[in-house]
Each structure stands twice: as C-alpha cells, then as structure tokens.
Amino acid sequence: MGAPATIACTGHRPARLPPSAPAKIRAAVRCLVGRHPGATWLCGGAIGTDQIAADEVLLLGERLELVLPFPPAIQAARWRPADRWRLLRQVAHAASVEVLRDHYHPGGYRQRNRRLVERADLLMAVWDGRRWGGTAATVLMAQSRGIELLCLWVR
C-alpha cells in the first residue's frame with residue numbers, strides 16, 4: 001500500500017448550491033475517508049463547499065490542511081459573522097494553514113486553486129457543469145494534469 005492520498009476540494013459557493021448539496025458533500029467526504037484512510041485533505045476556506053467539506057473532515061478526525069489565498073481576516077472581511085467564525089475555527093483546528101498572499105488580489109483565488117491541484121492526488125469537485133468560474137477552471141486544470149476526479153453534480 002502506498003502513501004496516503006492527498007484529496008483537494010473545490011466547489012460552488014452557497015448561491016449556486018441547491019439545498020441538497022450539504023448532505024451530498026458530507027456523504028462524499030465520508031465515502032472518500034473510507035476509501036482513502038489517513039489521507040490529507042486540502043480545502044481553500046471559501047464559504048459553501050470548502051467550509052462544508054472542511055467541517056466534515058474535522059468531525060471525522062481526519063487531517064485538514066487549508067490553502068488560503070489571503071490571511072483569514074482579509075479572505076473573510078465581507079462575510080457574515082457566522083461564516084467568519086467558521087473559517088477561524090477551521091484555521092484553529094487545521095493541521096496546517098498555507099497563506100499564499102499577504103494582501104488581497106483577485107489573482108489569489110486562481111493561485112489557491114492552482115496550488116490545490118498541484119498538491120492533489122484526487123480532486124472532489126461540487127460542480128453544476130458550467131464551463132466558467134473557479135470551480136470549472138479547477139476541474140479542467142485537474143483533468144489536464146491527469147488527476148483523479150470525483151464530481152458531485154449539483155443543479
């Protein structure tokens with residue numbers, strides 16, 4: 001048996017997630033934990049898919065590493081207080097936190113997604129199939145690198 005896998009998560013924010021998505025995301029994380037015991041999980045800290053997956057990973061006692069485009073205070077500056085608190089709790093419980101930029105820049109999100117794909121053996125994507133946006137770009141990047149992909153289709 002080889003080294004434990006590194007599983008990255010990408011997906012939509014709440015506005016593009018149907019009400020059924022959180023349960024699907026949690027179930028997919030549990031399934032992957034069963035298939036890849038001891039894996040390292042990478043999440044980008046965004047509201048929606050990232051935070052749902054990160055919460056489930058932590059609940060299951062798995063290794064979570066956060067890859068953030070900016071420091072949490074900058075990334076979550078315009079978020080609702082509950083979402084900011086959730087990110088800070090995840091930061092406190094993560095095995096490691098990689099912050100890619102010390103200030104806001106729109107390119108930070110693409111840089112984060114590229115870093116997730118660079119480190120991943122498998123990408124879990126919560127995607128509505130549209131060919132635009134950060135999730136689509138991350139899925140296409142993973143496909144171009146031959147990374148195993150698990151797509152949870154949400155519409």
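**Exercise 1. Determine how Arg 35 is placed and which side chain meets Arg 35 in a salt bridge.**

Arg 35 is partly exposed, with a relative accessible area of 46%, where buried means under 20%, exposed over 50% and partly exposed in between, computed with a 1.4 Å probe on protein chains only. This is a predicted model, in which local features need pLDDT of at least 70 and side-chain atom pairs count only at pLDDT 80 or more, while totals for chains, interfaces and linings use all residues. Residues are numbered from 1 along each chain as its sequence is written, and side-chain values use heavy atoms, with hydrogens and water left out.

The partner is Glu 148, at 3.1 Å from N to O; a salt bridge here is a side-chain nitrogen of Lys or Arg within 4 Å of a carboxyl oxygen of Asp or Glu. The pair links distant parts of the chain, since Arg 35 belongs to helix 1 and Glu 148 to strand 6, 113 residues apart. Glu 148 is likewise partly exposed, with a relative accessible area of 40%.

**Exercise 2. Work out the strand order of the open sheet and explain why one side of strand 4 and of strand 6 is left without a neighbour.**

Helices (H or I, at least four residues) and strands (E, at least two) are DSSP runs numbered from the N terminus, and two strands pair if DSSP finds at least two bridges between them. On that basis the open sheet has six strands in the order 4-3-2-1-5-6, with parallel pairing. Strand 4 (96-99) and strand 6 (148-153) stand at the edges and have a single partner strand each, so one side of each lacks a neighbour in the sheet.

Next, follow the pairing from strand 6 inwards. Strand 5 (residues 122-127) is joined to strand 6 by six bridges, and within this pairing Leu 123 has Leu 149 as its bridge partner. Helix 1 (residues 21-35) packs on the sheet and touches strand 1 (6-11), strand 2 (40-43), strand 5 and strand 6, its direction making about 165° with that of strand 5; contact means heavy atoms within 4.5 Å, and angles run from 0 to 180 degrees between N-to-C directions of axes fitted to C-alpha atoms, for helices over the stretch in contact.

**Exercise 3. Describe the surroundings of strand 1: which strands pair with it, and are its residues buried or exposed?**

Begin with the partners. Strand 1 pairs with strand 5 in the parallel sense over five bridges, with Ala 8 opposite Leu 123, while three bridges join strand 1 to strand 2, also running parallel, with Thr 6 opposite Thr 40.

Then consider the covering. Six of the six residues of strand 1 are buried: Thr 6, Ala 8 and Thr 10 on one side, and Ile 7, Cys 9 and Gly 11 on the other.

**Exercise 4. Identify the salt-bridge network and describe two of its pairs.**

The network links Arg 63, Glu 65, Glu 98, Arg 115, Glu 118 and Arg 119. In one pair, Glu 65 and Arg 63 meet at 2.8 Å, N to O; Glu 65 is buried at 7% relative accessible area, whereas Arg 63 counts as partly exposed at 40%.

In another pair, Glu 118 and Arg 115 meet at 3.6 Å, N to O. Being three residues apart in helix 5, Glu 118 and Arg 115 are separated by about one helical turn. Glu 118 is partly exposed at 43%, and Arg 115 is partly exposed at 26%.
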